[in-house]
Amino acid sequence: MEASTLSATDTPTQSMTGADIVVHCLNEEQVKFVFGYPGGAVLHIYDALYKQNGFKHILVRHEQAAVHAADAYARATGDVGVALVTSGPGATNAVTGIATAYMDSVPIVVISGQVPVPAIGMDAFQEVDMVGVTRPCVKHNFLVKHVKDIAPTIKKAFYIAKTGRPGPVVVDIPKDITAHVADFIYPKTVEMRSYTPILKGHSGQIKKAVKLLLNAKRPMIYTGGGLVLGNGAAELVKLAKALNFPVTNTLMGLGGYPATDPQFVGMLGMHGTYEANMAMQHCDVLLAVGARFDDRVIGNPKHFTGQKRTIIHLDVDPSSISKRVKVDVPIVGDVQSVLADMNEILAQEENQTTDCAQWWQQIQEWRGVKSLDYQYSDSVIKPQYVIEKLWEVTKGDAYVTSDVGQHQMWAAQYYKFDKPRRWINSGGLGTMGVGLPYAMGCQFADKNAQVACVTGEGSIQMNIQELSTCAQYGLPIKVILLNNRYLGMVRQWQEFFYENRYSESYMDSLPDFVKLAESYGHVGMRITNPADVEGALKEAFDRKDKFVFMDFLTDQKENVFPMVENGKGLSEMVLSPMAANRMKGEQ
Amino acid sequence: MRHIISLLMENEAGALSRVAGLFSARGYNIESLTVAATEDATLSRMTIVTTGSDDVIEQIIKQLNKLIDVVKVLDLNDGKHIERELMLVKVKATGVFKDEMKRMSDIFRGRIIDVADNSYTIELTGSCSKLDAFLEAIDRSAILETVRTGASGIGRGDRILKV
């Protein structure tokens, strides 16, 4: 342990088994929920948690869902989410969840059982090299080989997971270790010579950035998941308001700036609004906060950088800076701290007024295209309409989780998120099947909140078994299934790029979702008529104590617009037929 | 461009695979990689020889720094440095080759460290390019076997990589 200093608590030590130490550690970390699934290698730990009442264990139906639920709990609360799985298949089932959290930088600790130390490497029953398997998709991982290392390792795991750029940490614990006895000493603090996250931004760079912002003629603020994770939203709003600059959020960043505020120009990227993408492309000074210029956000990087602009990039992770796009003013630091410094410097400036009236006029013109308009129908339910009504009925105050596909984009486009940590989706890895376990994590995080899981009939079936978990814990989640009987996003790409050859994107033999929900003791509803959408949503959300599965039969061939096709520039969007006509008419 | 990256990392199980995994996962080149514990047994020192554009090298350095076990990273190409690699070459030592190999070894300041009936084993130390040059200089058909350690590098003078 020369590598790090762990200062111990003053409390008298107690001798106990490794399993009890694990449980004590989790209680020291004030963990409220552990999402897990028992099995051979973790039996000692399950016995230890049976005998305590510090945290509550939530029994899922599949380990993938345990990790997703812990991940959503972390996204919703900002605390570290915890999952507990057994060795071998339990561990590999958890991998998709871990990779999902990794791609979106979510702080979780996954404790996995391992075969006993003498059996490691012997191809033992339910053995898998968990540290090896997860290495590319964790922030860090540990294999604990001695009972005395359990407490310091778990302490480090929580510290690493939640500091700097957050991420998942796996602690793999062999079964025999959990039966061995040691004194329980939980370190109070951790210091690691090899890991020292930078918090404060460089003051010279921050000053330079503020100067650039004040002199901008066509400014733009672009924020991502990092702003939400770093709890910087309030400081960002203050800054944007003081400067009167337009703000766009990435898919991961929604809620980082209130969507109902007039300075918000909508989400940007592949399915971003016309005004957000145009402003991003044509701005002269860009402030990027906790975002990483990824392929779904800026489209073709050559096209994006072909337009000259000065980029200020603020991120806690130095490796996110100048990774895809060269930046002019890099600022490494905690987003909240740096934005607060910016606000302070700005407040001291003599002349705080910015001149971007012309720019706003241009943005208003772009807004006039109304790129999110869609053709309402009396006869068939439009998916966009369902989301609009969901927003109204929940008064914009629900936790909305989604799976992956068209429904995810519609939820992102049409639900106006005013608060951070309310929009929970898998933006990085794009994991189908997260929606329902994510909703579980949110409902545990905030038991009285309205939680809506917007999903598709493809995605929901990837973790449908969790209907059982929801019944066991009485979670009053509302599933909003936009059922178009197609893997919609795949179908849309096949329509656009594969001449309507709908290869394997139509799903036959769907279950009767209403009956399925009812079989678990939930309420099932099928909505086929546009006129019934609002009433059904109201009825569902009025049933505050019930899980309601709403099967909306929607337009089968609706597409997500605008769309920046693969390899195209951000300003080269394909617009919806309505918006395209409106543009033609104006020319 | 070719870069020599030096790093200090915690001497823990799996640390090497984190570095190797990073290079393969992100598609970075590795020409060579050497690692051993330092005088402080808790630390390993690694030398990685890689190639890439300035942008790629910048990313490699940042990604290495991001690994939790990595304590310090230094791009030796940022300043004056020395590199050395050790090579053992087993060559034919029959007929004309017998004198030829002894002579070439002397020219390159190698040492013959094993003499057998039909072969010599030559030990050669130097920069990677010097070792390449030796292999170019001798008759290819005389080479029976080569083994190289990969480069180790160190900064000149006051450039010290230490915790």
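**Exercise 1. Find the residue in chain A that forms a salt bridge with Asp373(A), and say what the pair ties together.**

Solution. Start with the atoms: Asp373(A) forms a salt bridge with Arg582(A), and their closest N and O atoms are 2.9 Å apart. That fits the rule, which asks for a side-chain nitrogen of Lys or Arg within 4 Å of a carboxyl oxygen of Asp or Glu. Keep in mind that this is a predicted model. Next, place the two residues. Asp373(A) sits in the loop between α15 (357-367) and α16 (383-393) of chain A, while Arg582(A) belongs to helix α23 of chain A, so the pair links parts that are 209 residues apart in sequence. To put this in context, a search of the whole structure turns up 39 salt bridges over all chains.

**Exercise 2. Work out how the six-stranded open sheet of chain A is ordered, and which strands are at its edges.**

Solution. Read the order across the sheet: β18-β17-β19-β20-β22-β21 of chain A, with parallel pairing. Now look at the two ends. The edge strands are β18 (423-424) and β21 (523-527) of chain A, each pairing on one side only. Zoom in on one of these edges: five bridges connect β21(A) to β22 (residues 548-553) of chain A, and the two run parallel. Take Gly524(A) as an example; its bridge partner in β22(A) is Phe549(A). Finally, add the helix. Helix α22 (residues 533-542) of chain A packs on the sheet and touches β19 (451-455), β20 (478-483), β21 and β22 of chain A. Its direction makes about 170 degrees with that of β22(A).

**Exercise 3. Describe the open sheet of four strands in chain B and the helices that pack on it.**

Solution. First get your bearings: chain B has four helices and nine strands, and along the sequence they follow the pattern β-α-β-β-α-β-β-α-β-β-α-β-β. The C-alpha trace of chain B spans about 55 × 35 × 35 Å along its principal axes.

Now the sheet. Its order is β2-β3-β1-β4 (chain B), and the pairing is antiparallel. At the edges stand β2 (32-37) and β4 (70-75) of chain B, each with a single partner strand, so one side of each has no neighbour in the sheet. From one strand to the next, the twist averages 15 degrees.

Then check a pair of strands. Six bridges join β2(B) to β3 (residues 43-51) of chain B, and these strands run antiparallel. Among the residues involved, Ser32(B) has Val49(B) as its bridge partner in β3(B).

Last come the helices. Helix α1 (residues 15-25) of chain B touches β1 (2-10), β2 and β3 of chain B, and its direction makes about 15 degrees with that of β3(B). Helix α2 (residues 54-66) of chain B also packs on the sheet, touching β1, β3 and β4 of chain B, with its direction at about 160 degrees to that of β4(B).

**Exercise 4. Sketch the interface of chain A and chain B: its residues, buried area and salt bridges.**

Solution. Count the residues: 20 from chain A and 20 from chain B take part in the contact. The area buried between the chains is about 1600 Å², and carbon and sulfur atoms give 47% of it. On the chain A side, Arg135(A), Arg193(A) and Ser194(A) lose the most area to chain B, together 36% of what that side buries.

Turn to the pairs. The rule finds four salt bridges across the interface. One of them joins the side chains of Glu58(B) and Lys326(A), at 3.4 Å from N to O. There are also 11 residue pairs in polar contact. As for class, the side of chain A that touches chain B has seven nonpolar, five polar and eight charged residues.

**Exercise 5. Locate Pro562(A) and Gln30(A), and say what stands out in their backbone.**

Solution. Begin with the general rule: most residues other than glycine have a negative phi, and most peptide bonds are trans. The peptide bond from Phe561(A) to Pro562(A) is cis, with omega near -10 degrees. Pro562(A) lies in the loop between β22 and α23 (577-586) of chain A. Gln30(A) is not a glycine, yet has a positive phi of about 55 degrees. You'll find Gln30(A) in the loop between α1 (18-28) and β3 (33-36) of chain A.

Definitions and conventions. Residues are numbered from 1 along each chain as its sequence is written. Chains are lettered from A and ligands numbered from 1 in the order in which they are written. This is a predicted model: local features need pLDDT of at least 70, side-chain atom pairs count only at pLDDT 80 or more; totals for chains, interfaces and linings use all residues. Side-chain values use heavy atoms; hydrogens and water are left out. Two strands pair if DSSP finds at least two bridges between them. Contact means heavy atoms within 4.5 Å. Axes are lines fitted to C-alpha atoms, for helices over the stretch in contact, and angles run from 0 to 180 degrees between N-to-C directions. Buried area is the accessible area (1.4 Å probe) that two parts lose on being put together, summed over both. A polar contact is a pair of N or O atoms within 3.5 Å; within protein, one must be able to donate a hydrogen and the other to accept it, and residues adjacent in sequence count only if both atoms are side-chain atoms. Ala, Val, Leu, Ile, Met, Phe, Trp, Tyr, Cys and Pro count as nonpolar, Asp, Glu, Lys and Arg as charged, and the others, Gly among them, as polar.
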